[in-house]
Each structure stands twice: as C-alpha cells, then as structure tokens.
Amino acid sequence: MMLFGKISQQLCGLKKLPWSCDSRHFWGWLNAVFNKVDHDRIRDVGPDRAASEWLLRCGAMVRYHGQERWQKDYNHLPTGPLDRYKIQAIDATESCIMSIGFDHMEGLQFVEKIRLCKCHYIEDGCLERLSQLENLQKSMLEMEIISCGNITDKGIIALHHFRNLKYLFLSDLPGVKEKEKIVQAFKTSLPSLELKLDLK
C-alpha cells in the first residue's frame, strides 16, 4: 500500500512538469521511444524479426513471404527459426513510424509492398531514406502513399530509385504541388510504372 501511495504521488507530480500540459509532447516522446533502433536486437534476432517488432510496436502490420494473413498483434509474433519469416508487405496505416526508426529497414531483402496511410510522422526524409536502401531498390514492386500531410514533391521524386516499382498510388497529399513534373519524372525513370494520382 505504501508503494502504491508513492507511485500515485509521483504520477500526480507529473502535472507540474511543463511538457505534461501539452499531451502532444508526451506522445511525440513516446513515439520516439517506440521508433528507437536497437542494433544489438537486430544482430541477435535478425532484421526481419527486429523490423516486425518495430512496426507492430508502432501500430503497423506486416505480412510474411508465403502467408496471406497480416500480422498485427505484437504479442503473437511467430516464433521459430529466425530466418523463417521474411517481411513481404508492410501496411503502416495510422501508425507512428518515423524517420529515426527507418534503420530497421536496412537488412530487409524481400519487401515488395509498402502502404503509408495517415502517417503523421512520415516526411520527405523517410522516403529518401527508404529509396536509398539497396535491398529495397531491388525488391519493391508496389507502394501507396495516402493522406500523409508532410510529404512533398521532393519525397515522391526520390521513389524513382525503386527501379523495379510497378505500381504507385498517391492520394490526398496536400504538400505535393507539381503533379505534371512528377508524372514526367516517372515516365522517364520508370517507364513501365503504373502511376495513379488522386491529388488536388
């Protein structure tokens, strides 16, 4: 009982801290904690397992190669040989993934599809980082970016580095201003790309 009393006093004292007046600061801090890269963990369990833990911790889903079912529960991540489950698709809808966590993607070799929808922390630097990863440059086939308000033309243009990209859907991206320039850039760099735009 004494212990509970001390803890409750400490929690009550949090309201005196300046950042507690604005919950956005707290959630920003918490999301940064969720995105922190643990290189020892990547080394111990492999890139696919570590990336799965990161993505699910942040509210995203993954689908493994050869499976139809999406994995969305962190507590039910599959066990077994570390090299058995390879991430093939990522759905980051309404997740809190942010740029500091993207180093988790570096060792992934089989990712073919990524969906970024209503990701408030995704910005141009995230797309530039993704497009620089050599494994993803080879494996990526499909991408959807929807309602990510911090994305601009600069981030979209960076996706031309995904040299095997077959399908790209862009929707509700108010930061993207020059649609024609984007269309021409992809026609030149990825002539076989199916580009679908739903932009104002």
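Where is Leu199 found? In this predicted model, Leu199 turns up in the segment after β7, the strand that spans 194-198. With a relative accessibility of 10%, Leu199 counts as buried, because the cut-off for that label is anything under 20%. Once its neighbours within four places in sequence are set aside, Leu199 is in contact with Leu170, Ser171, Asp172, Leu173, Val176 and Lys179. Glu178 is another residue to look at here: Leu199 and Glu178 sit 21 residues apart in sequence, with their C-alpha atoms 10.0 Å apart in space.

Some of those partners come back around Ile145. Leaving out neighbours within four places in sequence, Ile145 is in contact with Leu170, Ser171 and Leu173, and also with Leu116, Leu127, Ile151, Ile156, Leu159 and Phe169. Ile145 is also one of the residues with the most contacts inside the largest nonpolar core, a set of 46 residues; the others named for this are Met105, Leu116, Leu130, Met143 and Ile156. Two or more residues of this core come from each of α4, β1 (61-64), β3 (87-91), β4 (113-117), α5 (124-132), β5 (142-146), β6 (167-171) and α8 (179-189). Helix α4 gives the most, with four residues. As background, nonpolar side chains in soluble globular proteins tend to be buried together.

Next comes the empty space. The count gives one cavity of 30 Å³ or more, and about 50 Å³ of space lies in the largest cavity. Its lining is made up of Trp54, Leu55, Ile90, Ile97, Phe102, Met105, Ile114, Leu116 and Leu130. Sorted by class, that lining comes out as nine nonpolar residues, with no polar and no charged ones. At least two of the lining residues come from α4, and β4 likewise supplies at least two. Met105, Leu116 and Leu130, which line the cavity, are also among the residues with the most contacts inside the largest nonpolar core.

On the charged side, the structure holds 11 salt bridges. In general, side chains of opposite charge can pair when their charged atoms come close. One such pair is Arg41 and Glu53, whose side chains meet with an N to O distance of 2.5 Å. This pair links distant parts of the chain: Arg41 is in helix α3 (residues 39-45) and Glu53 is in helix α4 (residues 47-57), 12 residues apart. The two ends are not equally accessible: Arg41 is partly exposed at a relative accessible area of 32%, whereas Glu53 is buried at 5%.

Arg43 also pairs up, this time with Asp44, and the closest N and O atoms of that salt bridge are 4.0 Å apart. That pair still makes the list because the cut-off is within 4 Å. Arg43 is exposed, with a relative accessible area of 60%. Asp40 joins in as well, since Asp40, Arg43 and Asp44 are linked in a network of salt bridges.

Another bridge is formed by Lys196 and Glu194, whose side chains meet at 3.8 Å, N to O. Lys196 is partly exposed, with a relative accessibility of 41%, and Glu194 is partly exposed too, at 40%. Both values fall in the partly exposed class because they lie between the 20% and 50% cut-offs.

Notes. Residues are numbered from 1 along each chain as its sequence is written. This is a predicted model: local features need pLDDT of at least 70, side-chain atom pairs count only at pLDDT 80 or more; totals for chains, interfaces and linings use all residues. Side-chain values use heavy atoms; hydrogens and water are left out. Buried means under 20% relative accessible area, exposed over 50%, partly exposed in between (1.4 Å probe, protein chains only). A nonpolar core is a set of buried Ala, Val, Leu, Ile, Met, Phe, Trp, Tyr and Cys residues joined through side-chain atoms within 4.5 Å. Contact means heavy atoms within 4.5 Å. On a 1 Å grid over the protein atoms alone, a cavity is a set of points where a 1.4 Å probe fits but cannot get out, and a pocket is an open set with protein on both sides within 12 Å along at least five of seven lines; lining residues have an atom within 4 Å of a point. Grid points are joined across faces, edges and corners, and a volume is the space filled by probe spheres set on the points. Ala, Val, Leu, Ile, Met, Phe, Trp, Tyr, Cys and Pro count as nonpolar, Asp, Glu, Lys and Arg as charged, and the others, Gly among them, as polar.
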